Structures are given as C-alpha cells and as structure tokens.
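Please examine the sequence and the structure shown below. The report that follows describes how the strands are arranged and then turns to individual residues.

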Amino acid sequence: MPRTRSLAWSELKFGLISVFALVMAAVLIFAVGGTGGFFWQNYPLKVIFMDVAGIKAGSPVRVAGVGVGTVNKTAFVAGGVEVWFDIKDEMKPLVTTKSQATIGSISLLGEGAVDITAAPEGTPLKSWDYVSTGATPVSIAALTGQATSTLESANKMLEDVRAGKGTVGKFFTDDSVYRELNSFVSAAEKVSRAISEGKGSAGKFANDPKLYNELETSVANLNGITQKLKNGEGSLGQLLNDPALAKSLTSTSNNLESLSGKLNRGEGTAGRLLNDDALYKRFDSLSQRLDTLVQELNDGKGTAGALLHDKQLYENMNAAVTDVRSLVTAIKQDPKKYLNVKVSIF
C-alpha cells in the first residue's frame with residue numbers, strides 16, 4: 001500500500017498566497033478598468049428612453065460630465081427601452097428627483113452614454129428608482145439626415161438656376177438681363193464721368209469749391225447763432241434763457257386754468273353762456289320766430305309780405321312818393337302859394 005505524503009506548511013502557505021494574489025489582481029483590474037468601483041460601493045437606478053441610440057451594457061454613465069457608473073443592461077418595455085445602470089453611492093446627494101437623464105455621446109462615431117444632470121436641491125433617489133428623462137439631443141444620424149436633406153435642396157436649387165427658373169436663374173441664363181445690366185453700368189459710368197467733369201448740379205456740388213465755402217460759412221453762421229442763443233443774446237436768446245419768461249408763462253397758464261375752471265363751473269357771464277340752458281332755449285326760440293317771420297314774408301302775409309310780393313302796391317307807393325317830391329319841389333319854388341297864413345284878432 002503506497003504511502004500518502006502530507007503537504008508541508010511551506011507548500012500550503014505558498015498556495016494560499018498565490019490564490020490571494022490572483023484574487024487581489026482580479027479585484028484591482030476590475031476596480032481600475034471600470035468606472036463604477038466595487039459592487040458594494042454602487043447602487044442601481046433605471047431610466048426609460050424612446051431610443052437608446054446605441055447604448056448597451058458597459059456604456060458609461062456620467063453625472064455633470066464625470067463618469068460615475070456603467071450600464072448593466074437594456075430591455076424593451078411598454079414606454080420604450082428601459083436602461084439599468086449602477087452609479088457610485090457618493091452620487092446620491094446629486095442624483096435626485098429633479099435630475100434628468102439624456103443620451104450623450106463619447107465619440108464622433110456615435111458611441112452612446114447616459115448623461116445625468118446634478119440636482120442637489122431635490123430628494124435623493126432610492127435604489128431601483130427611475131430617473132426623469134430629459135430632452136434627447138440631436139443624434140449624429142439625425143444631423144446627417146438633415147445635412148443630406150439640405151444638400152438635396154441645394155442641388156435642386158442649382159438645377160433650377162441652371163434651367164433658368166426664377167429670378168436668379170434668369171439672371172444667370174437670360175442674355176437680356178446681361179444687356180440691361182451692362183446698359184445700367186454704362187449709364188452709371190456716364191453719370192459718374194459727368195459728375196467728375198463738374199457737369200450738372202451734382203457735378204458742381206462735388207467739384208465747385210465755392211459751394212463748399214458757402215456751405216461752410218452757413219454752418220459757421222448757424223453755430224454763431226446757436227452760441228448767441230445759449231448766451232442769452234438778442235430777443236430770442238432772452239426768451240430762451242430769461243427765467244422771468246418761464247414765470248410769466250407759468251402765471252399765464254395758471255390764469256388760463258383758473259379761467260377754464262370758472263367757465264366749467266358756470267361762474268360769470270361767459271360761464272353762464274356756456275352752461276345755462278335758458279340762453280340756448282332763448283336763442284332757439286328766437287331762431288324759430290325768425291324762421292316763421294321769413295316764411296310769412298315769403299308767403300306774402302302781412303303788410304311787409306304784401307310790400308314784397310304785391311307789384312300794384314309797390315307802384316302806388318312809388319307814385320305817392322313821386323307826388324310828395326313834386327309837392328315839396330313846388331313849395332320850395334313858391335312857398336307863399338301854399339303857405340298863406342292869416343292872423344285875425346277879434
């Protein structure tokens with residue numbers, strides 16, 4: 001029967017040390033290679049996205065741009081795609097009910113990440129709670145699609161321009177537009193040449209120094225006038241700078257305000273004229289009577305109406321006036337004949 005050799009303590013010790021070294025190496029590799037730390041230092045959370053944009057197990061989780069965990073798994077649910085992830089326990093005060101999770105990117109190739117906003121003013125989330133979902137930024141694919149659509153629109157516009165469609169297309173393809181533009185440039189050259197040669201009003205204005213000197217003199221005179229006004233010289237300067245004028249205007253304004261107040265209250269003769277209905281009624285009654293009188297005159301009523309409308313009465317009165325004039329003339333010529341006065345005493 002073979003002998004069983006017992007293990008020496010030195011051999012057992014070497015084996016235990018080797019196993020411990022392997023375990024520590026694995027732990028250190030896990031701690032250094034991952035962003036979440038040891039499992040007992042993390043706590044799990046969840047979030048639901050409509051589109052995870054390439055997020056998968058192992059994708060980083062960031063709070064305010066700092067890596068604090070990793071994604072564990074993704075699964076389809078009724079509201080979209082549910083993402084499970086772990087973050088460090090020390091992030092509990094920052095990841096709260098007011099935090100929002102969005103889909104970020106860690107490279108231009110579109111590798112996704114879960115970005116969470118820090119919100120210390122909210123209530124810390126418990127394990128397996130859901131983080132609120134924020135607005136998802138535009139992805140690289142969406143930007144590429146928009147750029148492709150923009151390029152297609154630009155290509156279509158260039159095709160329309162080449163085909164001579166629209167104003168720009170006609171500008172590039174229609175010879176008449178070129179001729180009109182060339183004609184306009186020629187006319188502009190003629191105008192500029194005429195101005196340079198001093199022709200016309202614009203040419204004289206641009207080339208005649210006399211006009212410039214007169215304008216400079218006018219500006220100098222205007223400056224002198226304004227300076228005199230500021231200094232209170234002359235009648236207008238005194239009006240602008242004399243405080244007595246302001247006091248007088250204020251007093252006049254106060255008097256006008258007092259007068260308008262009295263008129264509104266019906267004080268005085270003018271106030272009564274403006275506010276008393278009796279005066280209006282009298283004027284209205286007088287107007288009605290005048291209308292009645294004029295109507296009766298037009299109708300030929302009364303003596304005055306007859307005088308206005310009866311021709312025979314007018315002729316009789318004219319004849320009577322003529323006879324009276326003749327009588328007065330005869331009396332002037334021979335007063336003794338008509339003014340014979342006898343005086344008798346008894």
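Which residue of E4 stands opposite Ile48? In this predicted model, the residue opposite Ile48 is Glu82 in E4. Strand E1 and strand E4 (residues 80-88) pair in the antiparallel sense, over eight bridges.

**The sheet**

The pairing of E1 with E4 belongs to an open sheet of seven strands, ordered E1-E4-E3-E2-E6-E5-E7, in which the pairing is mixed. E1 and strand E7 (132-133) are the edge strands, each pairing on one side only. As a general principle, the strands of a sheet pair through backbone hydrogen bonds, in either a parallel or an antiparallel manner.

Strand E6 (residues 112-116) has four of its five residues buried, so this strand is largely enclosed by the rest of the structure. In the order of the sheet, E6 stands between E2 and E5. The table sets out how E6 is joined to these two strands.

| Strand joined to E6 | Bridges | Direction | Residues standing opposite |
|---|---|---|---|
| E2 (residues 60-63) | three bridges | parallel | Val61 and Val114 in E6 |
| E5 (residues 100-105) | five bridges | antiparallel | Thr102 and Asp115 in E6 |

**Lys46 in an edge strand**

Lys46 lies in strand E1 (residues 42-49). Is this residue buried or exposed? Lys46 is buried, yet it has no salt bridge. The nearest side chain of opposite charge belongs to Glu82, at 4.2 Å. A salt bridge requires a side-chain nitrogen of Lys or Arg within 4 Å of a carboxyl oxygen of Asp or Glu, and therefore the 4.2 Å between Lys46 and Glu82 does not qualify.

Lys46 does make a polar contact: its side chain meets the side chain of Tyr130 at 3.4 Å. Leaving aside residues up to four places away in sequence, Lys46 touches Glu82, Val83, Trp84, Phe85, Trp128, Asp129, Tyr130 and Val131. Glu82 is thus both a residue touched by Lys46 and the residue that stands opposite Ile48.

**Met91 in a loop**

Met91 is found in the loop between E4 and E5. Why is Met91 classed as buried? Its relative accessible area is 12%, and a residue counts as buried because its value is under 20%. Met91 touches Tyr43, Val63 and Val68, when residues up to four places away in sequence are not counted. Although Met91 and Asn42 are 49 residues apart along the chain, their C-alpha atoms are separated by 9.3 Å.

How values were computed: Residues numbered from 1 in each chain as written. Predicted model: local features only at pLDDT ≥ 70, side-chain atom pairs only at ≥ 80, totals over all residues. Heavy atoms only, no water. Buried < 20%, exposed > 50% of the residue type's maximum accessible area, 1.4 Å probe, protein only. Lys, Arg positive; Asp, Glu negative; His and termini not counted. Polar contact = N/O pair within 3.5 Å; in protein donor to acceptor, adjacent residues only side chain to side chain. Contact = heavy atoms within 4.5 Å. Pairing = 2+ DSSP bridges.
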